[in-house]
Amino acid sequence: MELALNLIKIFLAAFGMVAVIASKLKLGHWSVRMFDFPRLQLLFLAFVTLVLFFIPYLNTDLWNLLLLSGVVASFFFQARKIFPYTVFSGKEVQSSTKQATKDEISLLVSNVYTPNREADKLISLVRRYEPNLVLTLESDAWWEKQLEVLQPEYPQQVKIPLDNQYGMHLYANLALENVKVHYLVKADIPSIHAEAVLPSGKKVQIHCLHPEPPSPSESDTSVPRDAELLIVGKNVKNAELPVLVFGDLNDVAWSRTTRLFQKISGLLDPRKGRGFFNTFHAKHPMLRWPLDHIFLSRHFVLKQIKRLPSISSDHFPMYARFELSPANGQENEKEKLDQDEKEWTRETIDEANPRILTI
């Protein structure tokens, strides 16, 4: 029994430390980048491992104490990564409780999962929340046909039905101007870029993304995903209009890439200080992390953000409502990139061999 317990402790401790080391590596292979995702699970694993070290008592042998110190370091490493997304951290985007104004914009983002055939669930949510913008991801021709019922409420539409799980549809009840569909990194993975005109007449720049994830069934490396995010970040960093970037980014909020995207773009994350809003995997409660994101410039304050009920997809939809408030006092001054970050950004974009660099 004691031998089995020691072997379990060694295995769990080693796994936790490998996860930390992998997070520090700048390798893009999926087998390394996969450790970016389950921070909550890795934190729980480190906690369980710590408890095991005290059963039935703490062994004070040098080797055991060294191993324990590694587990403690793993625990605090993971905790530090996810802390900004807990309610104990400061909010990056201010809240507003003002009455509705003509300077508001709301959006619903939903990766529908192509084989899912329960479109009525999404349609019901759209009609319940009445967002100004509805973005569907993985939507093919079948989904496009089902969502035709939204035409009266959402006359502005951008339709890109694809069978490769990268289809994308944007529905808007606001006027859309300067609409562009780009294939930034790969010829079969689109993104939508436009300007939405609010009821007040003010314009908001929107960017809808769904880059390719690093996985054995998709891309061997995170380079295509990372490059797409970094290209968009570089393009919006000096935008004159308020900016919203949203979609299934196939990356977690606490990854190196997302952090760098925020540094480059200066965009803010409304989840910070409010919660994780884990959207994937909807069907596996113990294996969830935040893959669907909404980033915004300092021009906005938050009216509401929530994860919506399941639509039988592998992702939960996300809903958010914002108000333009230029004098809100919140800062999003772009942090200066160090030389290492500049080089990694340049190398990543060059390696991806992007099709388009300017949106």
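These notebook entries record what I looked up in a predicted model.

**Entry: nonpolar surface patch**

I began at the surface, where Leu3, Leu7, Ile10 and Trp63 make a nonpolar patch of about 470 Å². I then asked which element gives the most to this patch. The answer is helix α1, residues 2–24, with three residues. Leu3 is found in this helix. I also checked whether Leu3 is buried or exposed. Leu3 counts as exposed because its relative accessibility is 62%, and the cut-off for that class is over 50%.

**Entry: strand order**

I next traced the sheet. It is open and consists of six strands in the order β3-β4-β2-β1-β11-β10, with mixed pairing. I noted β3 (156–160) and β10 (300–307) as the edge strands, since each pairs on one side only. With direction ignored, neighbouring strands of this sheet are turned by 10° against each other on average.

**Entry: the β1–β2 pair**

I looked up how strand β1 (residues 104–111) is joined to strand β2 (residues 133–137). The two strands run parallel, and five bridges join them. Within β2, I located Thr136, which Ser110 stands opposite.

**Entry: a helix on the sheet**

Finally, I asked which strands helix α5 touches. Helix α5, residues 119–129, packs on the sheet and touches β1, β2, β10 and β11 (318–324). I recorded an angle of about 170° between the direction of helix α5 and that of β1.

Definitions and conventions: Residues are numbered from 1 along each chain as its sequence is written. This is a predicted model: local features need pLDDT of at least 70, side-chain atom pairs count only at pLDDT 80 or more; totals for chains, interfaces and linings use all residues. Side-chain values use heavy atoms; hydrogens and water are left out. Patches are made of residues with over 30% relative accessible area and no salt bridge: like charges are joined within 9 Å, nonpolar side chains (Val, Leu, Ile, Met, Phe, Trp, Tyr) within 5 Å. Accessible areas come from the Shrake-Rupley method with a 1.4 Å probe; for residues, only the protein chains shown count as cover. A salt bridge is a side-chain nitrogen of Lys or Arg within 4 Å of a carboxyl oxygen of Asp or Glu. Helices (H or I, at least four residues) and strands (E, at least two) are DSSP runs, numbered from the N terminus. Buried means under 20% relative accessible area, exposed over 50%, partly exposed in between (1.4 Å probe, protein chains only). Two strands pair if DSSP finds at least two bridges between them. Axes are lines fitted to C-alpha atoms, for helices over the stretch in contact, and angles run from 0 to 180 degrees between N-to-C directions. Contact means heavy atoms within 4.5 Å.
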